[in-house]
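Please look over this note before we discuss the model. The points are short and can be checked one by one.

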Amino acid sequence: MSLATKTEFKAEAIKPKIGSRVLNTREDLLSGEFAAEIRELLEARGVLVFPQVSFTDEEQVAFTKTLGTFAPERKGGEEVISKITLDARENPMAAEYLKGSLYWHIDGTRNDVPILASLLSCRVPSPRGTGNTGFANTYAAFDDLPDDKKAEYEQYRVVHGPWASLFYYEAEPSLAKLQGYAQIGEQELPLVWKHKSGRKSLVIGCTAAQVVGKSALESAMIIHGLREWATGEEFTYSHEWEVGDLVMWDNTGTMHRAEAYDPTCGRMMHRTKLEGEEPFE
Ligand code: OGA
Ligand code: MN
């Protein structure tokens with residue numbers, strides 16, 4: 001009789017409406033054995049935390065590849081892991097654009113097919129009480145709206161652009177800077193994403209500039225009112241980082257943001273991504 005038993009997938013909920021911790025070992029995760037369970041749990045829970053799993057860069061890339069199509073940071077480029085830091089000494093351009101990551105957002109609202117998921121691992125945490133990453137479940141936030149509001153919001157389309165997020169961190173930009181951001185482009189997206197699965201999620205965040213057909217004030221009330229609703233206590237989880245933690249989020253059903261930290265404190269995160277599998281619709 002063989003004593004070999006199959007390792008079980010081990011996970012526990014963090015909050016009722018968002019987040020689970022996955023407790024399997026590094027080796028089990030790298031084997032790819034639980035890829036289907038991880039993908040299913042990710043969609044159900046929005047955010048998965050792998051506490052102190054301490055992957056090397058190579059292991060993070062390998063783990064990412066077990067879960068879907070690896071999305072390189074630069075298409076065809078050499079770079080595989082992106083370094084996420086606000087420290088301009090590391091990468092001045094990236095640090096500029098990452099200022100927007102301090103506000104609630106969805107990654108890739110410029111693309112028809114946004115990335116499916118991001119995996120962020122902590123190399124150097126910021127001092128305690130700073131630099132958490134916050135997550136909000138935009139499926140749950142939509143589901144809990146009253147029916148008349150759901151029906152109203154499903155009608156709306158919203159123009160998104162990185163230029164809109166510029167005003168969150170720079171109140172009076174030069175025209176040249178605004179033109180630079182404008183060149184990155186704009187994209188009209190539904191306010192409510194009707195997924196192939198039949199589930200629906202809100203598409204909001206700091207890239208949302210204007211609700212089509214509404215005045216600036218009406219737009220702001222809709223966009224900011226929904227942001228306030230979706231980032232309320234019950235839909236959100238704030239992750240306090242330990243070295244070696246890996247956190248993965250469903251970019252199609254959550255918003256996220258970095259909570260404020262000193263850009264020169266040394267905080268360093270390494271990110272990999274999974275290619276999107278469905279357009280905003
Ligand atoms: C990102 C991001 C948040 C953080 O990598 O897309 O928004 O906490 N990161 O660094
Ligand atoms: Mn982001």
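The points below cover the two ligand sites of this predicted model.

1. Start with the location of ligand 1. Ligand 1 occupies the largest pocket. Its surroundings consist of Ile84, Ser101, His105, Asp107, Leu120, Thr133, His256, Ala258, Arg267 and Arg271.

2. Next, the character of that shell. The residues around ligand 1 split into 3 nonpolar, 4 polar and 3 charged. Ile84, Leu120 and Ala258 count as nonpolar. Asp107, Arg267 and Arg271 count as charged.

3. Now the polar pairs. A polar side-chain atom of Thr133 is 2.6 Å from an oxygen atom of ligand 1. For His256, a polar side-chain atom lies 3.0 Å from a ligand 1 oxygen. For His105, the distance from a side-chain N or O atom to an oxygen of ligand 1 is 3.1 Å. Ligand 1 on its own has 290 Å² of accessible area, and the protein covers 98% of it.

4. Turn to the metal. The manganese ion (ligand 2) is coordinated by NE2 of His105, OD of Asp107 and NE2 of His256. The coordination distances run from 2.1 to 2.3 Å. Along the sequence, these donor residues follow the spacing H-x1-D-x148-H.

5. Are the donors His105 and Asp107 buried or exposed? His105 has a relative accessible area of 9%, so it counts as buried, the cut-off being under 20%. Asp107 is buried too, because its relative accessibility is 12%.

6. Finally, the link between the sites. His105, Asp107 and His256 are among the residues around ligand 1. His105, Asp107 and His256 also coordinate the manganese ion (ligand 2).

Note on methods
Residues are numbered from 1 along each chain as its sequence is written. Chains are lettered from A and ligands numbered from 1 in the order in which they are written. This is a predicted model: local features need pLDDT of at least 70, side-chain atom pairs count only at pLDDT 80 or more; totals for chains, interfaces and linings use all residues. Side-chain values use heavy atoms; hydrogens and water are left out. A residue is near a molecule or strand if one of its heavy atoms lies within 4 Å of it. A polar contact is a pair of N or O atoms within 3.5 Å; within protein, one must be able to donate a hydrogen and the other to accept it, and residues adjacent in sequence count only if both atoms are side-chain atoms. Accessible areas come from the Shrake-Rupley method with a 1.4 Å probe; for residues, only the protein chains shown count as cover. On a 1 Å grid over the protein atoms alone, a cavity is a set of points where a 1.4 Å probe fits but cannot get out, and a pocket is an open set with protein on both sides within 12 Å along at least five of seven lines; lining residues have an atom within 4 Å of a point. A molecule sits in a cavity or pocket if more than half of its atoms lie within 2 Å of its grid points. Donors are N, O and S atoms within 2.8 Å of the metal (3.2 Å for Na, K and Ca); water is not among the atoms, so sites may look incomplete. Buried means under 20% relative accessible area, exposed over 50%, partly exposed in between (1.4 Å probe, protein chains only).
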